[in-house]
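I sat down with a fresh model today and kept notes as I went. Here is what I was looking at.

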Amino acid sequence: MKIEHFAYNVSDPVAIADWYCKYLGFSVARKMDGAPHTHFLKDSSGAVMIEIYCNPSSEVPDYPSMNPLQLHLAFVSENPNEDTERLVAAGAKVVDDLHLKDGSHLMMLKDPWGFAVQLCKRGTPML
């Protein structure tokens, strides 16, 4: 089995898709122009996708109040400090800055809608 995508309900999929494409390197693989404004976004490798939508049949979780350890989307980052500065300038907020004993540097952020995004520079790459 291979994961096709990970999906989550969001408040403004059009704006979020735009921000994720502009600042996180995603591209739109497929989208619906009408409600629920479903967007399939693929990462820069083209091998991983997320799906975002605003489906009123289920409430949008309160991402801003969630602890990032409950749910976060993690990205490989060659320079977490530079990427953090760029994302904060675009509206993200820093939650935590971790340096692990194995040499890993992990920056936890919240995107402008409160969803947790982690930037990972591993001491030993995992992928």
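My entries below run from the whole chain down to single residues.

**Entry 1: what kind of model**

I began with the origin of the coordinates, and this is a predicted model. I kept that in mind for every value that follows.

**Entry 2: the fold in outline**

I looked up the secondary structure and found 2 helices and 8 strands in the chain. Next I asked in what pattern they follow each other along the sequence. Reading along, I noted β-α-β-β-β-β-α-β-β-β.

**Entry 3: overall dimensions**

How does the radius of gyration of the chain sit against that of a compact globule? For 127 residues, a compact globule would have a value near 14 Å, and the chain has 15 Å, so the two agree. I also fitted a box along the principal axes, and the C-alpha atoms fill roughly 45 × 30 × 25 Å.

**Entry 4: burial, contacts and surface**

I checked burial next: 35% of the 127 residues are buried. Then I turned to contacts with a separation of 6 or more, and 50% of these come from residues 24 or more positions apart. The accessible surface of the chain is about 7900 Å². Carbon and sulfur atoms own 55% of that surface.

**Entry 5: charges**

I took the mean position of the 11 positive charges and that of the 16 negative ones. The two points lie 4 Å apart.

**Entry 6: the record**

I looked in UniProt for annotations, and an unreviewed entry there places the feature "domain: VOC" at residues 2–122. Over that stretch I found 18% helix and 35% strand. The C-alpha atoms at the two ends of residues 2–122 are 23 Å apart.

**Entry 7: the loop between β2 and β3**

I went through the backbone angles here. Which peptide bond is cis? I found the one from A35 to P36, with omega near 10°. P36 is in the loop that links β2 (27–31) to β3 (39–42). H37 lies in the loop between β2 and β3 as well. The phi of H37 is near 55°, a positive value in a residue other than glycine. Is H37 buried, exposed or partly exposed? Its relative accessibility is 27%, so I put H37 down as partly exposed.

**Entry 8: helix α1**

I picked two residues here, D18 and Y23. D18 is in helix α1, and Y23 is in helix α1, which covers residues 13–24. D18 has a relative accessible area of 52% and is therefore exposed, as the cut-off is over 50%. Y23 comes out at 22%, so I noted it as partly exposed. For partners of Y23 beyond four places in sequence, I listed R86, L87 and A90.

I also took two C-alpha distances from this helix. Y23 and L41 are 18 residues apart in sequence and 13 Å apart in space. D18 and Y8 are 10 residues apart in sequence, with 16 Å between them in space.

**Entry 9: M49 in strand β4**

M49 belongs to strand β4, residues 49–53. What does M49 touch, not counting residues up to four places away in sequence? I wrote down E4, H5, F6, A29, F40, L41 and K42. From M49 to A7 I got a C-alpha separation of 8.7 Å, with their positions 42 residues apart along the chain.

**Entry 10: A116 in strand β8**

My last stop was A116, in strand β8 (residues 116–121). Is A116 buried or exposed? With 3% relative accessibility, it counts as buried, because the cut-off is under 20%. Setting aside neighbours within four places in sequence, I found A116 in contact with P68, L71, H72, L73, M108, L109 and K110. I also looked up V88, which is 28 residues from A116 in sequence and 13 Å from it in space, C-alpha to C-alpha.

Technical notes
Residues are numbered from 1 along each chain as its sequence is written. This is a predicted model: local features need pLDDT of at least 70, side-chain atom pairs count only at pLDDT 80 or more; totals for chains, interfaces and linings use all residues. Side-chain values use heavy atoms; hydrogens and water are left out. Helices (H or I, at least four residues) and strands (E, at least two) are DSSP runs, numbered from the N terminus. The radius of gyration is taken over C-alpha atoms; the globule rule is 2.2 Å times the number of residues to the power 0.38. Buried means under 20% relative accessible area, exposed over 50%, partly exposed in between (1.4 Å probe, protein chains only). Contact means heavy atoms within 4.5 Å. Accessible areas come from the Shrake-Rupley method with a 1.4 Å probe; for residues, only the protein chains shown count as cover. Lys and Arg count as positive and Asp and Glu as negative; His and the chain ends are not counted. The place of a charge is taken as NZ of Lys, CZ of Arg, CG of Asp or CD of Glu. UniProt positions are given in the numbering used here, feature names are shortened, and annotations may be inferred rather than shown by experiment.
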